[in-house]
Amino acid sequence: MADPNGTGKMNADNNRIVEKENLRRIVNNVIDTTAVIDIHTHLFPFEFNELSLSGIDELLTYHYLVAETFRSAKISPDDFWKLTKPLQADLVWQTLFVENSPLSEATCGVISVLDSFGLDTNAENLAEIRDFFQSREASMHISDVLETALVSELVMTNDPLDAREVEIWRKNQPFDARFRTALRMDRLLNRWQSSAEKLNGQNYKVESNMSGQTVREVRRFLDEWIERMKPLYMAVSLPDDFVFSTDDTRNRIINEIVLPTAREHSLPFALMIGVRRNVNPALGAAGDGLGRADVSAVEQICVENPDVRFLATFLSRENQHELCVSARKFSNLMPFGCWWFLNNPSIISEITRERLELLGTSFIPQHSDARVLEHLIYKWRHSRRVIAESLYDAYERLLNAGRAVTKKEIQRDVTRMFSGNFREWTGQNTPEKIVTVNISSNKGKRIFTLE
């Protein structure tokens, strides 16, 4: 960061060896003042209309809290889904925040969001909280949330087979440039039969058995959407039983269409593995589960495609050590984030420490997976604390081993993990975003500046 007074003091401070008694304070300060690129979310700018979710009712009806509510409330899933969204939110608030202490990570996250806006976290009802969120102007609220979370950019999940998105994209209207794009492949790879019908409906000549012009037509489909969306990467969520050695339709599409597209457009391919869909169908989106996957599937795809860059994350905690070991063997493999059911402080801490010990700073420690805008606040507030503790312990080990460390080196390492690795992986040459923070209290104002 530049010295605003031209005295050289800031540069001298950054290059000064950090004393052990100051290490925790400096690590915390760097973590708290470094902007992050949130590389995987389900968020949209307000220009995407009903796809852009925000506010207390959306926060409380997020599927994490819905599943937790069913453990305490005397209501069946069928009766719950018949309620309007505000009534669902009222029930969740009464059950999890009034009648019980909000101790889970999901409920504590809502508390963090309310606290960041100075709202009553012990409210008996949602009246004043609703009034606050309803009074917010959309674009200003988005900026406030991003600045509070210290998120400089975020990556959406964009599905060209989602009719709502297709309608918006075809209007070719500009939207908030801080929302970047990722081309999602779930329907194409996991639901080929219905996808083939949709593609034919968009005038692409494909066959459900992958014959004829199908490969060429699906390539044309992807090429056209890449041109329209300008994605930073392609991505797919895969089940826990995914293997890469079979000749099924999904692997044919990956081998004959997705990987050639990745090469041609120099796009990384993100693999998110371990989902078990509809473990309890009555819960809807809250009914999905997880399973331990076979990491050798990722190793095989890396071996066979050394010229393609892969991002990878697994849903099962038990797969994390295997992924770290695999990443040591493949320079085209980038582990990222603590996904979905792994987004709990105790597990984030374990995974982050494991990655630091095996990979140094050559990984992306977290993404929010946020579906509601305000999730960014709590998911990054909570994750920053855990990452800071993990880094502090790593630097303390380094000091005890006999190697000095400077603040400049700490800033370099945090910037690499929070944005640099992703920028390099996706071929971005834009300058890093540096954050200066003026904090007079826990409600202090955060201001983004570019150096």
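Which side chain meets Arg277 in a salt bridge? The side chain of Asp288 does, at 2.8 Å from N to O. The legends below all refer to a predicted model.

**Figure 1. The Arg277–Asp288 salt bridge, a link between distant parts of the chain.** The N to O distance is 2.8 Å. Arg277 sits in the loop between β6 (269-276) and β7 (289-290). Asp288 sits in the loop between β6 and β7 too. The partners are eleven residues apart. Arg277 has 48% relative accessibility, so Arg277 counts as partly exposed. Asp288 has 14%, so Asp288 counts as buried.

**Figure 2. Asp90 and Arg130 pair across two helices.** Their side chains meet in a salt bridge of 3.0 Å, N to O. Asp90 belongs to helix α6 (residues 85-98) and Arg130 to helix α8, so the bridge ties together parts that are 40 residues apart in sequence. Asp90 is partly exposed, at 30% relative accessibility. Arg130 is buried: its relative accessible area of 16% falls under the 20% limit. Asp57 also belongs here, as Asp57, Asp90 and Arg130 are linked in a network of salt bridges. Across the model, the count comes to 27 salt bridges.

**Figure 3. A salt bridge within helix α13.** Arg220 pairs with Glu217. Their closest N and O atoms are 2.9 Å apart. Both residues lie in helix α13 (residues 214-229). They are three residues apart, about one turn of the helix. An α-helix has 3.6 residues a turn, so residues three or four places apart point the same way. Side chains of opposite charge can pair when their charged atoms come close. Arg220 counts as partly exposed, with 32% relative accessibility. Glu217 counts as buried, with 7%.

**Figure 4. A patch of negative charge on the surface.** Four residues gather here: Asp120, Glu124, Glu128 and Asp131. Asp120 lies in the loop between α7 (105-116) and α8 (127-134). The relative accessible area of Asp120 is 44%, which means that Asp120 is partly exposed.

**Figure 5. Helix α18 and the glycine after it.** Helix α18 covers residues 375-401, 27 residues in all. At 1.5 Å a residue, the helix should span 39 Å. Its end C-alpha atoms are 39 Å apart, so the expected span and the model agree. Gly402 follows α18. The phi of Gly402 is positive, near 110°.

**Figure 6. Ile364, a buried loop residue.** Ile364 is placed in the loop between α17 (345-359) and α18. Its relative accessible area is 2%, so Ile364 is buried. Ser112 serves as a second reference point in this view. Ile364 and Ser112 are 252 residues apart in sequence. In space they are 24 Å apart, C-alpha to C-alpha.

**Figure 7. Leu154, a buried strand residue.** Leu154 has its place in strand β2 (residues 151-155). Its relative accessible area is 0%, so Leu154 is buried. Asn100 serves as a second reference point in this view. Leu154 and Asn100 are 54 residues apart in sequence. Their C-alpha atoms are 34 Å apart in space.

Terms used
Residues numbered from 1 in each chain as written. Predicted model: local features only at pLDDT ≥ 70, side-chain atom pairs only at ≥ 80, totals over all residues. Heavy atoms only, no water. Patch = residues over 30% accessible without salt bridge, like charges linked within 9 Å, V, L, I, M, F, W, Y side chains within 5 Å. Areas by Shrake-Rupley, 256 points an atom, 1.4 Å probe, with all protein chains shown as cover. Lys, Arg positive; Asp, Glu negative; His and termini not counted. Charge placed at Lys NZ, Arg CZ, Asp CG, Glu CD. Helix = DSSP H or I, 4+ residues; strand = E, 2+ residues; numbered from the N terminus. Buried < 20%, exposed > 50% of the residue type's maximum accessible area, 1.4 Å probe, protein only. Expected span 1.5 Å × (residues − 1).
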